[in-house]
Amino acid sequence: MTAERTPMSVHLYDPAALARQPESGVHAGHLDEAVSGRSDLECSVGVMAYNEEANIAQVLGSILRQKLTAKRIVEIIVVASGCEDRTADIVAEIASQEPCVRLIVQPRREGKASAINLFIDAARCPVLVLVSADVIAEDDAFDALLRHFDDPAVGMTGGHATPVNGNGTFLGYAVCLQWHLHDQIARQSPKLGEIVAFRNVVPSIPPDTIVDELFIQALISQLGYRVVYEPQALVYNFGPATMHDFLSQRRRIHAGHLRVRAEQAYSASTLSAWRAGRALLASDASFRSLRATWWSIGTVVLEATARVLGRYDSIHRRQPPGVWEIADSTKRNVAEAMSNGVPVSAGDDLEFAEAERKVAQTPH
């Protein structure tokens, strides 16, 4: 059965088009002024990039295009770490036309956590936003995240990642199911990633941590702040498209989760096999057809294998360093895939991607 495609908000970054926009007003795509008559909450946005020439212009375009209300983005800081492609050149070109964009070039790649520390040190606002360099944010994603900081008890918020792989292949299905379950678990017990906002109360994080958002989440929670998952803050990404990349990524993340639990006494909600199993069984669509059933079982086997390997790494202290192997299959052009529509085969019974796109209409 072929489902009718629901178009996503996709805009390719066009510096010339942005230059033609009016010079005032956040809604026009410029972030140098807040909407008048509303209370401000200033924030700095950080984008950590390594060889992201396929996506970096679109990522920055999606940030510059944010429809903000009472909030204000003062600066967008891109840390280009040891890039061997045109990432830094592309950012420099955008920065020449957008004064709020700043480029920090890290000559040698030292890992994402190291780049985050450079951003934290350079940022000058009370709230920091971290955006992965390979995701595209919906136009109202930042507003959905930042509005929670009107509550002084809230210290960190995170958005809802939605893969654009499509579920017409087993690995595409596995990625979509993984993020679908992540969303369901995070609604009950927040687990944040891909895009997060937090109060500027964390001076730095260990440069060798491999789960930076979780480490920040642990620190924020230990300071007594509340952590909030915001499903309406939608961002789109590519999940792994090869078996090697899937297992390698999941193995590394699980080892990182175990390390945070051991060193910070803080557990990611997705670390619980019981929570994951309950979310899977509660999702009737995962077993709607014979194929969906077999692919769901296969996804469980893959995740279990990655967790066994990750635990082995943790026990034998073979945890990956802060600089890890890049999953090349995740570095495809997200905006292009969104423009063309998520490739879902005509026989798909479970439209995870479609369900995820409609989540903004679902009450939190």
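This report walks through the sheet, a buried helix, the charged and aromatic contacts, and the cysteines of a predicted model.

## The sheet

A good place to start is the open sheet, which has 8 strands in the order β3-β2-β1-β4-β7-β6-β8-β5 and mixed pairing. Its edges are taken by β3 and β5 (136–137). Each of these has a single partner strand, so one side of each is left without a neighbour in the sheet.

At the β3 end, strand β2 (residues 72–81) pairs with strand β3 (residues 101–106) in the parallel sense, over 6 bridges. To find your way in this pairing, look for Val-78, whose bridge partner in β3 is Leu-103. Helix α3 (residues 87–95) joins β2 and β3 in a right-handed β-α-β unit. Elsewhere in the sheet, β6 and strand β7 (residues 195–199) run antiparallel and are joined by 3 bridges. Here Gly-158 stands opposite Val-196 in β7.

## An enclosed helix

Which helix is largely enclosed by the rest of the structure? Helix α2 (residues 56–64) fits that description, because 9 of its 9 residues are buried. The buried residues of α2 include Ile-56, Val-59, Leu-60, Ile-63 and Leu-64. Gln-58 and Ser-62 are buried in α2 too, as are Ala-57 and Gly-61.

## Salt bridges

Side chains of opposite charge can pair when their charged atoms come close. How many salt bridges does the structure hold? The count is 16, and a few of them are worth a visit.

The side chains of Lys-112 and Asp-212 meet in a salt bridge at 3.5 Å, N to O. This pair links distant parts of the chain, with Lys-112 in helix α4 (residues 112–122) and Asp-212 in helix α7 (residues 212–222), 100 residues apart. Lys-112 is partly exposed at 25% relative accessibility, whereas Asp-212 is buried at 2%.

Another link is made by Arg-147 and Glu-230, whose side chains form a salt bridge of 3.4 Å, N to O. It too ties together distant parts of the chain: Arg-147 sits in the loop between α5 (141–146) and β6 (154–163), and Glu-230 belongs to strand β8 (residues 226–237), 83 residues apart. Arg-147 is partly exposed, with a relative accessible area of 38%, while Glu-230 is buried, with 3%.

Arg-108 and Glu-110 also meet through their side chains, in a salt bridge of 3.8 Å, N to O. Arg-108 is exposed, with a relative accessible area of 58%, and Glu-110 is partly exposed, with 33%. Finally, there is a network of salt bridges that links Glu-75, Arg-102 and Arg-124.

## Aromatic contacts

A pair of aromatic rings is described by the distance of the centres and the angle of the planes. The structure holds 2 aromatic pairs. One of them brings together Phe-170 and Trp-295, edge-to-face, with 6.2 Å centre to centre and 65° between the planes. These partners come from distant parts of the chain: Phe-170 is in helix α6 (residues 170–188) and Trp-295 is in helix α10 (residues 290–315), 125 residues apart.

Is Trp-295 buried or exposed? At 18% relative accessibility, Trp-295 counts as buried, while Phe-170, at 23%, counts as partly exposed. Tyr-173 joins Phe-170 and Trp-295 in one aromatic cluster.

A ring also meets a charge in this model: Arg-109 lies over the face of Tyr-50, at 4.3 Å from the ring centre.

## Cysteines

A disulfide is a covalent bond between the sulfur atoms of two cysteines. A search of the whole structure finds 0 disulfides. Why does Cys-125 not form a bond with Cys-43? The sulfur of Cys-43 is the closest cysteine sulfur to that of Cys-125, but at 6.5 Å it is too far for a bond. The cut-off used for a disulfide is 2.5 Å between the sulfur atoms.

As for their surroundings, Cys-125 is buried at 3% relative accessibility. Cys-176 is also buried, at 2%.

Definitions and conventions:
Residues numbered from 1 in each chain as written. Predicted model: local features only at pLDDT ≥ 70, side-chain atom pairs only at ≥ 80, totals over all residues. Heavy atoms only, no water. Salt bridge = Lys/Arg side-chain N within 4 Å of Asp/Glu carboxyl O. Buried < 20%, exposed > 50% of the residue type's maximum accessible area, 1.4 Å probe, protein only. Helix = DSSP H or I, 4+ residues; strand = E, 2+ residues; numbered from the N terminus. Phe/Tyr/Trp six-rings, centres within 6.5 Å; stacked < 30°, edge-to-face > 60°. Lys NZ or Arg CZ within 6 Å of the ring centre and 35° of its normal. Pairing = 2+ DSSP bridges. Right-handed = clockwise from strand over helix to strand, strands pointing away.
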